[in-house]
Structures are given as structure tokens and as C-alpha cells.
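User: Please take a close look at the interior of this protein. Show me how it is built, and then how individual residues sit around it.

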Amino acid sequence: MLQKESSGLIKGIHHISMKCETEEELVRVKEFYMDILGLKICREWDGGLMLDTGNGLIEIFTNQAGEHQLGVIRHMALLTDDVDSFVIKVKEAGYEVFVEPNDVDIPANPVYPIRMAFCYGPLGEQIEFFCER
């Protein structure tokens, strides 16, 4: 018997959310994600916006005061075909790259060959540039 697909299944990650404390932070965030990384706004509202990564969204909002905190989510990984070119752009813009581009064979079954690098974004968020080899 063919079972009907449940409408309650997880279909993927819709968005990652980050919060700016000030309008100045929002300006830096827009500059980083739009001007340096090339993402486009897909939605904007008073106090927030969403940027399209191609297969998910990054939500940025400024509508509440608060403190930046690092929780259990350690980083976000942005998929690219060219890790090295993004590292160059990030460095040229004055952001810290704390893991230089390198090839890694993740010891999975089967082995997962990748190229990756990490930087800090304008809010201190950790960003991985990730490419399957």
C-alpha cells in the first residue's frame, strides 16, 4: 500500500537569524553580506530584512535591544565553489580569517573531501566558507 506523504516532515532549514543592537551594526552587516559576499535582499520590513543565500535565508533584525551571545550553534556554513576568493574579499574588507582555506578529508563513510575556511562576521558570528571537492 502506498503511504501518503506526511505534511509534518522537516523539508530543510528556512533561515538563520541574527540580531543587531544598533543601526550602525545593521549598516556593517548589510555591507558584509551584500557588498562583500554578494547576497541580495529578498524581504525587508521595519527593523529587519532577509538575505537569500540560494538555498536558505539569513534574517537580520534590529528591533530589540540586547546583548550578543554565543549559544550552542557554533557557526553557519555558506556553500561556495570558490572558498579562496571569499577569503580574499573578507580579508580585503578587514575581517579576521581564523582558519585559512584548507582541504580536509572528513573521515566519514565514505570519506567526505571538502575545502573550507572560517572568518568572523560583523557581529562576531563565525562563518565557514564550504566547498565539496
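Analyst: One term comes up early: a polar contact is a pair of N or O atoms within 3.5 Å; within protein, one must be able to donate a hydrogen and the other to accept it, and residues adjacent in sequence count only if both atoms are side-chain atoms. A polar contact of 2.6 Å joins the side chains of Y112 and E132. I return to that pair below.

The model is predicted, so local features need pLDDT of at least 70 and side-chain atom pairs 80 or more, while totals for chains, interfaces and linings use all residues. Numbering starts from 1 along each chain as its sequence is written, and side-chain values use heavy atoms, without hydrogens or water.

The overall plan comes next. The protein has two helices and eight strands (DSSP runs numbered from the N terminus: helices H or I, at least four residues; strands E, at least two). Read from the N terminus, the order is β-α-β-β-β-β-α-β-β-β. There are 133 residues, and 35% of them count as buried (under 20% relative accessible area; exposed is over 50%, partly exposed is in between; 1.4 Å probe, protein chains only). Among contacts (heavy atoms within 4.5 Å) with a separation of 6 or more, residues 24 or more positions apart account for 50%.

Now the interior itself. The largest nonpolar core (buried Ala, Val, Leu, Ile, Met, Phe, Trp, Tyr and Cys residues joined through side-chain atoms within 4.5 Å) has 27 residues. Those with the most contacts inside this core are F32, Y33, L37, I58, I60, V90 and F129. Helices and strands both contribute: α1 (23-36), β3 (48-52), β4 (57-61), β5 (76-79), α2 (83-92), β7 (112-120) and β8 (126-132) each supply at least two core residues. The largest share, five residues, comes from α1. Domain 1 (14-64) and domain 2 (72-132), with bounds from an automatic or database domain assignment, both give residues to this core, so the core lies between them.

Take I60 as one of the well-connected members. Leave out residues up to four places away in sequence. I60 then touches M18, C20, L26, V29, G47, G48, L49 and L51.

Just beyond β4, T62 sits in the loop that leads to β5. T62 is buried, at 14% relative accessible area. With residues up to four places away set aside, T62 touches C20, T22, E23, L26 and G47. Three of these names also appear for I60: C20, L26 and G47.

S17 gives a view from β1 (residues 15-19). S17 is partly exposed, with a relative accessible area of 38%. S17 and E59 are 42 residues apart in sequence, yet their C-alpha atoms are 4.5 Å apart in space. Their side chains are joined by a polar contact of 2.8 Å. Beyond four places in sequence, S17 touches E59 and F61.

Next, α2. Its buried residues are V83, F86, V87 and V90. Seen down the helix axis, they fall within an arc of 105 degrees (taken from the directions from the axis to the C-beta atoms), so they line one face of α2. The cover over these residues includes α1, β6 (97-106), β7 and β8.

Both ends of α2 deserve a look. Before the helix, T80 lies in the loop between β5 and α2. T80 is buried, at 11% relative accessible area. Its side chain reaches the backbone nitrogen of D82 at 3.0 Å. Apart from neighbours within four places in sequence, T80 contacts F86, F129, F130 and C131.

After the helix, A93 lies in the loop between α2 and β6. A93 is partly exposed, at 36% relative accessibility. A93 and D35 are 58 residues apart in sequence, and their C-alpha atoms are 9.9 Å apart in space. G94 also follows α2, and its phi is positive, near 90 degrees.

Further along, P110 lies in the loop between β6 and β7. The peptide bond from N109 to P110 is cis, with omega near 5 degrees.

That brings us back to Y112, in strand β7. Y112 is partly exposed, at 31% relative accessibility. Y112 and E132 are 20 residues apart along the chain, with C-alpha atoms separated by 7.8 Å. Beyond four places in sequence, Y112 touches V104, D105, I106, F130 and E132.
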